Amino acid sequence: MAGPVSVAAEYLAGSRARAARTVLGQVVLPGEELLLPEQEDAEGPGGAGERPLSLNAGARSRVRVVCGPGLRRCGDRLLVTKCGRLRHKEPGSGSGGGVYWVDSQQKRYVPVKGDHVIGIVTAKSGDIFKVDVGGSEPASLSYLSFEGATKRNRPNVQVGDLIYGQFVVANKDMEPEMVCIDSCGRANGMGVIGQDGLLFKVTLGLIRKLLAPDCEIIQEVGKLYPLEIVFGMNGRIWVKAKTIQQTLILANILEACEHMTSDQRKQIFSRLAES
Amino acid sequence: MVTQGVRSARCRAEVIIAASRGVGAMEEEMHTDAKIRAEIGTGCSPRGPGCSLRHFACEQNLLSRPDGSASFLQGDTSVLAGVYGPAEVKVSKEIFNKATLEVILRPKIGLPGVAEKSRERLIRNTCEAVVLGTLHPRTSITVVLQVVSDAGSLLACCLNAACMALVDAGVPMRALFCGVTCALDSDGTLVLDPTSKQEKEARAVLTFALDSVERKLLMSSTKGLYSDSELQQCLAAAQAASQHVFRFYRESLQRRYSKS
C-alpha cells in the first residue's frame, strides 16, 4: 500500500534532529532532539593549514556545552524535556560552548542549590526547623545557621514565621537544607522577615523576569510608593508598604504584570500616580 | 482595585483539521477576552467514510489551583485535566527511585466505578512510559481528569487532555503522546474519532496511544471482533491521524508562548 510508505517517510522527516543554533528563540516541544555545534578544527602551529592527526577519523569533536533546565544529554545530542523557548548564553571567558536552556512557564518549584527562597516555618523539632518552600519536601534549617547564633544565643524563630534563605543542599535524592548566612557567616539580607506585609505567590517565570538586571517594572513600582519587597525564587513575593491599601495595590500589580503588555502597565502606573 | 480590567490571558487555540485527503486547509482562530468568535464555514464537519478527525480545541492554564491544567475538546467530547506535581507523597506510596504517578478519572455523572478504574490504569501506564520520573524520586505526580461531556472517543480525549496538562505543569517528559480511536463497522469500514452512535454500532472499537518521536505505540485498548490485518490497518490510520494531533499541539503551544 502506498499509504503507509509515504506516511513512513513523513515520520522520519518529522523526527529529524535540528541544530541547536537554528532553533534559538523558538518554541521547542518535549521529545525533540537538538544537535550540538561542532568544534572547528584548530590550525596547527605551522600555520599552513595543518590539521591535527586524529586517531578516530570519523568522529569530530563537539564543543562542551552546559545543559540547563529543560534539556537532557542523550548520546551526543540534547533531548528537550520541557516545553518553552530555547535560549543560549555565550561563555564569558575561556572555552566551551556556553549554556543552553529552555525558558518554560511553571508554577511548581523544585529546589536548586544556591537559590534564594522565602519559606514558612511549619515545625520546630529539636535543633532544626522545618520550612515549607513549596517543593515536594519541607526543607530543614538548623538554628545555628543564623548570623550570630550560638548554642546559648538561639535565634527568635516561631512557627509561622517567614524566612528568607538559600539552599546549601538541594538535589533529587536528599532532603533540601537551607541556611540564612552566606559562606562568610554574614546574614546578607537573609533571616527572618519582619512583621506585617503580604506574602503572595506568582509563577516562576514572572520572578525570573522581575529579577532580570534591566527590569523596568521594579523601578516603576519603586517610584510609586516607598516599599520593602523580597523575591523568592520559589515563586513567593513578600511586599510591605506604608498602609494596607498600598500593599494590596502593589500585590495586585505584581500579580497582573505577567499578563499585561508594557503599555497597559504604564497606563495603570500613570493612573495610580495621579490618584 | 487596579486589576479589574485585566484578565489572565488564556491561550485558546482552535484548529480545524481538514480531512486527510490532503487538503491541509488549517485555519486558526483566537479567542479574545470579549469572546469574539469567527465562524469558519468549510471544514471537516461532513464526515464521509474516509479518515477524518473531528474539530479540536484546547485551552491551557485555565485553573488556578493545580500546577498545570488543560481542557481538550474533540467534537462534542470534552475533558478537563489538572496536574499536581512533583508534590509530597505519603510514605506508604513513595517509590525510592522515581515519581509515583496517580491518575484520577471522574465521570460526568455518578461515582467512579470499575470502568473508570480501568481507564485510569491505562492512562497511568501511558504517562509512566513518557514522564521522566527518575528526575523526581519520592514525589507524587497526580493527574485529575474530569469528563465534561462524552460523545465518543472518550479515552483518546482523556489522553490528549492529560498530555497537555502535563506539558502545562512543566513535568519533564521524554516525548508527547496522543490518543486516537478507530471504529470498525460490520462491513469493515474504518472510522477515526467515532461518535458515541458510531461506537455503539461498530463491530470493534480500538484506542491507541502513540508517542510523538517515532509514532510508536504506547498503549492499545480494544473491544470487539477484528482480524489481524484490520488491526494493522487501524494502527496505520491512527499513526497518520496522530500527525494532525501533534501538529495541533505544536501550534497550540507556540501560540501560548508567543504571548510572553
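How much of chain B counts as buried? Of its 260 residues, 52% do. Keep in mind as we go that we are looking at a predicted model. Let's begin with chain B as a whole, then visit some of its parts, and afterwards turn to chain A and to the contact between the two chains.

Chain B is built from four helices and 11 strands. Its contacts reach well along the sequence: taking those with a separation of 6 or more, 66% are between residues 24 or more positions apart.

A good place to step inside is helix α2 of chain B, which runs over residues 154-169. This helix has 16 residues, and from its first C-alpha to its last it reaches 22 Å, close to the 22 Å expected at 1.5 Å a residue. Is α2(B) largely enclosed by the rest of the structure, or largely open? It is largely enclosed, because 16 of its 16 residues are buried.

Both approaches to this helix deserve a look at the backbone. Ahead of it, in the loop between β7 (140-149) and α2 of chain B, sits Ser153(B). Its phi is near 55°, a positive value in a residue other than glycine. Ser153(B) has a relative accessible area of 1%, so it counts as buried. On the other side, just after α2(B), comes Gly170(B), which takes a positive phi of about 80°.

Now let's move to the strands of chain B. Ser71(B) belongs to strand β4, residues 68-74. With a relative accessible area of 16%, Ser71(B) is buried, given that buried means under 20%. What does Ser71(B) touch, not counting residues up to four places away in sequence? On one side of it in the numbering are Ala57(B), Cys58(B), Glu59(B) and Leu62(B), and on the other are Ser78(B), Val79(B) and Leu80(B).

Strand β5 of chain B covers residues 77-87, and Pro86(B) is found in it. Pause here for the peptide bond from Gly85(B) to Pro86(B): it is cis, with omega near -5°.

Further along, strand β8 of chain B (residues 177-184) holds Ala183(B). This alanine is buried as well, its relative accessible area being 3%. The C-alpha atoms of Ala183(B) and Ala202(B) are separated by 6.0 Å, with the two residues 19 apart along the chain. Ala202(B) is also one of the contacts of Ala183(B) once neighbours within four places in sequence are left aside. The others are Thr189(B), Leu190(B), Val191(B), Pro194(B), Ala204(B) and Val205(B).

Over in chain A, two aspartates in loops are worth finding. Asp76(A) is in the loop between β5 (71-74) and β6 of chain A. It is partly exposed, with a relative accessible area of 42%. Its C-alpha atom is separated by 7.6 Å from that of Leu35(A), a residue 41 positions away along the chain. The second aspartate, Asp196(A), lies in the loop between β14 (191-192) and β15 (198-201) of chain A. Although Asp196(A) is not a glycine, it has a positive phi of about 60°. Is Asp196(A) buried or exposed? At a relative accessible area of 58%, it is exposed.

Finally, bring the two chains together. The size of an interface is often given as the accessible area lost when the parts come together. Here chain A and chain B bury about 3600 Å² between them, and 59% of that is on carbon and sulfur atoms. The contact draws on 39 residues from chain A and 47 residues from chain B.

How many salt bridges are there between chain A and chain B? The count is three. In one salt bridge, the side chains of Arg138(B) and Glu137(A) meet at 3.3 Å, N to O. Between the chains there are also 13 residue pairs in polar contact, both residues at pLDDT 80 or more. On the side of chain A that touches chain B, the elements that give two or more residues are α1 (2-14), β6 (77-80), β7 (84-89), α4 (244-256) and α5 (262-274) of chain A. Of these, α4(A) gives the most, with four residues. By kind, the residues on this side of chain A divide into 17 nonpolar, 10 polar and 12 charged.

Definitions and conventions. Residues are numbered from 1 along each chain as its sequence is written. Chains are lettered from A and ligands numbered from 1 in the order in which they are written. This is a predicted model: local features need pLDDT of at least 70, side-chain atom pairs count only at pLDDT 80 or more; totals for chains, interfaces and linings use all residues. Side-chain values use heavy atoms; hydrogens and water are left out. Contact means heavy atoms within 4.5 Å. Buried area is the accessible area (1.4 Å probe) that two parts lose on being put together, summed over both. A salt bridge is a side-chain nitrogen of Lys or Arg within 4 Å of a carboxyl oxygen of Asp or Glu. A polar contact is a pair of N or O atoms within 3.5 Å; within protein, one must be able to donate a hydrogen and the other to accept it, and residues adjacent in sequence count only if both atoms are side-chain atoms. Ala, Val, Leu, Ile, Met, Phe, Trp, Tyr, Cys and Pro count as nonpolar, Asp, Glu, Lys and Arg as charged, and the others, Gly among them, as polar. The expected span of a helix is 1.5 Å times one less than its number of residues. Buried means under 20% relative accessible area, exposed over 50%, partly exposed in between (1.4 Å probe, protein chains only).
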